[in-house]
Amino acid sequence: MTFRRNPKIVPGLGASAASHASAFAPALFAAIIAVIVVWVATNWRLERSLAEERSIVAGELSTISSRLQTNLNSNVKLLQGLAAGIAVDPAMDQNGFSKLAAQILQPDSQLRSFAAAPDMVVRWVYPEKGNEKAIGLDYRKNEKQRAAAMLARNTHNIVLTGPVELVQGGTAFVVRCPIYVNDGKSQIFWGLLSGIVDIPRLYSDSGLGSTELEIAISTVPEPNSPKQVFLGNLETFLKQPVVTSVDMTYGRWTFGAVPKRGWGQNSGIGIFELYASLLALCVVAPIIWVGFLTKSRQRTIEKLRLHKKKLVRARQRLEYLSLHDALTGLANRRFVDQMIAQPERPGGEDRLILIHIDLDRFKEINDTKGHAGGDMVLQITASRLADLTGPNDVAARIGGDEFIFAKWSTNPEPEATELAKQIVDALQQPLLIDGAEYVVGASVGVAWESKRARGRDLGQLLLNADLALYEAKKAGRGRAAIFTEELRSAAIHSKELADEFNQALDRDELVAFFQPQFNADTLEIAGVEALARWEHPRKGLLGPNNFLDAAERLGRSGDMDRLILQKALFELTRWDSLGMQIPRVSVNISARRLAQANLLAELSELPVSRGRLCFELLETISFDELQPALNDIIPMIKELGIEIEIDDFGTEHASIISLLRFEPRRLKIDREIIKPIITSPSQRRLVSSIIEIGRSQNIDIVAEGVETMEHAKILKDLGCHLLQGYALARPMTSEQLIEFCRMKDKGAAEAGRSPLQAASVTSFVLK
């Protein structure tokens with residue numbers, strides 16, 4: 001629908017308005033003059049009335065404040081007198097203090113009790129009755145009274161605080177006087193003397209209860225919080241009060257007073273204003289009506305203009321939200337993608353620096369403090385990153401607990417290195433959640449444009465920062481890593497290795513090696529540990545260090561565990577058929593395998609006797625943070641007759657808590673703990689303590705890393721149950737193990753040789 005302006009109406013209205021203005025111009029002018037005169041007279045009369053009223057209020061307020069100051073000073077003088085008496089005889093007891101206080105405490109003072117605190121702890125009170133709870137109060141430990149007590153001590157001045165909630169009940173003003181004793185050489189701080197001032201009596205004696213004024217007293221000149229006003233209300237200071245300040249040696253109080261009925265209630269100006277208003281209304285009513293019509297038209301125009309502005313703002317808001325994170329207010333992934341796709345370089349030689357940030361302990365806080373705690377961590381992180389941004393820098397949250405920091409620089413290498421350090425340091429600072437301090441920390445990956453690649457697709461730059469971040473995560477928490485071409489090559493190699501490993505599982509290229517475990521006393525084989533090896537078609541035999549990470553990244557560590565378990569049980573059946581005495585086989589099991597839903601069903605169908613299969617919980621399982629589901633499944637595994645063994649005891653994951661939680665059959669001491677026992681008495685004591693812990697829990701101890709026969713002898717003397725290491729036998733294939741057992745039996749049968757000597761010969765032959 002279209003509205004058209006009638007060209008005949010506008011000139012008509014203009015002519016009519018001009019006609020009315022000329023007809024009523026004298027009357028309008030007279031009305032304006034009359035209004036001005038009435039307004040000036042009314043204001044003059046009102047100002048004079050208010051001035052007189054404020055003068056009266058000021059006089060009364062001055063009298064009250066003087067009385068209050070006099071009463072408080074009198075109380076302080078009494079307190080100083082008692083303090084002087086204590087300084088003369090600081091060794092007095094409660095009776096002496098009570099006698100002295102009784103002489104000083106006067107019936108007409110507002111002081112109602114005293115408390116003496118040698119060394120900041122209340123020991124004497126007067127009167128004793130009713131104040132027993134105050135005895136023993138330590139000002140240094142009382143949150144409500146510590147600040148004032150320490151202020152009096154540190155400034156050597158009298159400090160007045162209040163109203164204060166007393167430990168013996170009630171509230172009062174507290175005057176604290178520091179006492180110093182002369183030992184002949186210097187002044188020594190003895191303690192504090194406190195006087196309790198009765199607030200109602202102080203106010204009553206000062207005239208505050210018998211006045212027609214609304215009075216408020218503040219501890220600051222211009223209060224802006226109710227906590228700063230201890231008498232009356234903060235609103236009193238907002239009513240244009242008469243204000244006066246009272247200076248005391250122990251503080252400065254600001255008084256504000258207004259009449260209880262408000263200002264100007266007795267000026268008699270109300271009737272005058274009423275008649276003047278009626279007169280003005282009669283004069284301006286027609287003009288108001290015309291103005292109303294004009295305003296209505298203007299309002300319609302303004303609504304249309306406002307509606308247009310709202311549409312523009314809504315569009316801008318939607319565009320902003322599409323490019324920014326709702327929780328932190330930082331730019332989002334879409335913003336970063338646009339910036340990379342269409343970069344606006346501040347300078348012609350500027351190159352882009354990208355820093356990829358990942359929080360280290362965010363999941364721990366999110367799990368313990370919930371989403372509210374996690375959101376707070378993200379918001380604080382965003383704030384700290386925003387503090388580091390410059391005019392052309394961008395801080396963005398690209399998802400979860402990951403952030404991007406982008407910066408332009410003509411010399412990116414030193415600036416990127418310094419900026420990464422600043423980010424790591426800033427995010428390492430503690431933050432408060434529900435009153436408790438937490439350290440989250442972050443790992444960062446850094447990449448920047450090289451001169452050679454400047455102006456090319458910047459999408460690769462983000463991938464480079466991702467690679468650097470992954471390297472920082474591998475090196476440990478709270479670190480920064482810078483992208484290099486070696487990282488790119490390593491990433492390509494890792495991808496190729498992962499693809500090859502995925503195919504290796506399907507092609508059955510993984511083989512099982514076995515390392516015997518020996519009884520420490522007899523050196524008889526007590527079991528073997530099954531270890532995974534990869535028969536790579538081009539690289540030969542690879543150890544687990546070369547492919548475990550790939551298995552975890554592919555999510556196929558569980559498949560690898562299943563395969564090695566099958567091979568180990570097959571060989572165990574084969575050894576039994578050959579008459580070999582292999583009591584049990586131990587197989588590593590990962591957290592991913594433990595979490596598989598069909599694990600128990602598979603294990604229940606295994607053709608193995610109870611006690612002949614043992615699962616070693618890998619060090620990659622964090623026992624202290626094990627998921628509840630895993631806590632439930634381990635007892636079920638033990639019910640199937642499968643033993644549990646804790647691997648690498650003494651490292652960062654395994655702990656004594658795991659012993660109490662899982663009740664394993666054995667635990668293996670890490671090789672790094674065993675290695676130095678030959679030369680280190682303290683390390684031998686540590687191993688001995690671990691063995692004693694195992695014995696107390698009926699747990700057998702397996703020592704890894706037995707590299708020499710001297711290791712074996714020391715561990716036997718310490719009471720270790722089982723030994724495993726290169727000094728006795730290296731990891732070997734099933735065929736080699738069969739030959740090893742044959743040679744061991746043959747060596748042990750030779751006359752005149754001890755078990756240690758026989759084992760040493762066998763080990764040497766197979767090496």
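In what order do the five strands of the antiparallel open sheet run? The order is β2-β1-β5-β4-β3, and the pairing is antiparallel. Keep in mind as you look around that this is a predicted model.

## The antiparallel sheet

Start at the edges of this sheet. β2 (124-126) and β3 (159-165) stand there with a single partner strand each, so one side of each is left without a neighbour in the sheet. From one strand to the next, the twist averages 25°. β2's partner is easy to look up: strand β1 (residues 111-118) pairs with β2 in the antiparallel sense, over three bridges. If you want a spot to zoom in on, try F114, whose bridge partner in β2 is Y126.

Two helices pack on this sheet. Helix α3 (residues 94-104) touches β1, β2 and β5 (187-197), and its direction makes about 35° with that of β2. Helix α4 (residues 146-155) touches β3, β4 (171-182) and β5, with its direction at about 30° to that of β4.

## The mixed sheet

Further along the chain there's another open sheet of five strands, in the order β11-β12-β10-β15-β16, and here the pairing is mixed. Its edges are β11 (394-399) and β16; each has a single partner strand, so one side of each is left without a neighbour in the sheet. The twist in this sheet averages 20° from one strand to the next.

For a parallel pair, look at strand β15 (residues 442-448) and β16, which are joined by three bridges. V444 stands opposite A480 of β16. Helix α7 (residues 333-341) lies across β10 (351-359), β11 and β12 (402-409), and it runs at about 125° to β11.

## Helix α11 and its surroundings

How far apart are the end C-alpha atoms of helix α11? They are 33 Å apart, and that agrees with what the helix should span: α11 has 23 residues (485-507), which at 1.5 Å a residue should give 33 Å. The expected figure comes out this way because the rule multiplies 1.5 Å by one less than the number of residues.

The buried residues of α11 are L487, L497, A498, F501, A504 and L505. These buried residues have plenty to pack against: α10 (459-475), β16 (480-482), β17 (510-519), β18 (525-536), α12 (548-554) and α13 (557-577). Just after the helix, D508 takes a positive phi of about 60°.

## Salt bridges

Side chains of opposite charge can pair when their charged atoms come close. Searching the whole structure turns up 34 salt bridges. Some of these charged residues are linked in a network, made up of D506, R556, D559, R562, R593 and E602.

Other pairs link distant parts of the chain. R665 and D700 form a salt bridge, with their closest N and O atoms 3.2 Å apart. R665 sits in the loop between α17 (656-662) and β23 (666-669), while D700 is in strand β24 (residues 700-703), 35 residues apart from R665. R665 counts as partly exposed at 33% relative accessibility, and D700 counts as buried at 18%. K668 forms a salt bridge with E704, and there the closest N and O atoms are 3.2 Å apart. K668 belongs to strand β23 and E704 to the loop between β24 and α20 (709-718), with their positions 36 residues apart in the chain. Both K668 and E704 are buried.

## Around helix α21

Helix α21 (residues 734-749) holds both E739 and R742, three residues apart, about one turn of the helix. In an α-helix there are 3.6 residues a turn, so residues three or four places apart point the same way. The side chains of E739 and R742 meet in a salt bridge, 2.2 Å from N to O. E739 counts as partly exposed at 31% relative accessibility, and R742 is partly exposed too, at 47%.

D745 also lies in α21. Is D745 buried or exposed? D745 counts as exposed, because its relative accessibility is 52% and the cut-off for exposed is over 50%. The C-alpha atoms of D745 and E524 are separated by 9.5 Å, although these residues are 221 residues apart along the chain.

## A word on cysteines

The count of disulfides comes to zero. Two cysteines to look at are C177, buried with a relative accessible area of 8%, and C741, buried with 10%.

Conventions. Residues numbered from 1 in each chain as written. Predicted model: local features only at pLDDT ≥ 70, side-chain atom pairs only at ≥ 80, totals over all residues. Heavy atoms only, no water. Helix = DSSP H or I, 4+ residues; strand = E, 2+ residues; numbered from the N terminus. Buried < 20%, exposed > 50% of the residue type's maximum accessible area, 1.4 Å probe, protein only. Contact = heavy atoms within 4.5 Å. Pairing = 2+ DSSP bridges. Axes fitted to C-alpha atoms, helices over the stretch in contact; angles between N-to-C directions. Salt bridge = Lys/Arg side-chain N within 4 Å of Asp/Glu carboxyl O. Disulfide = S-S within 2.5 Å.
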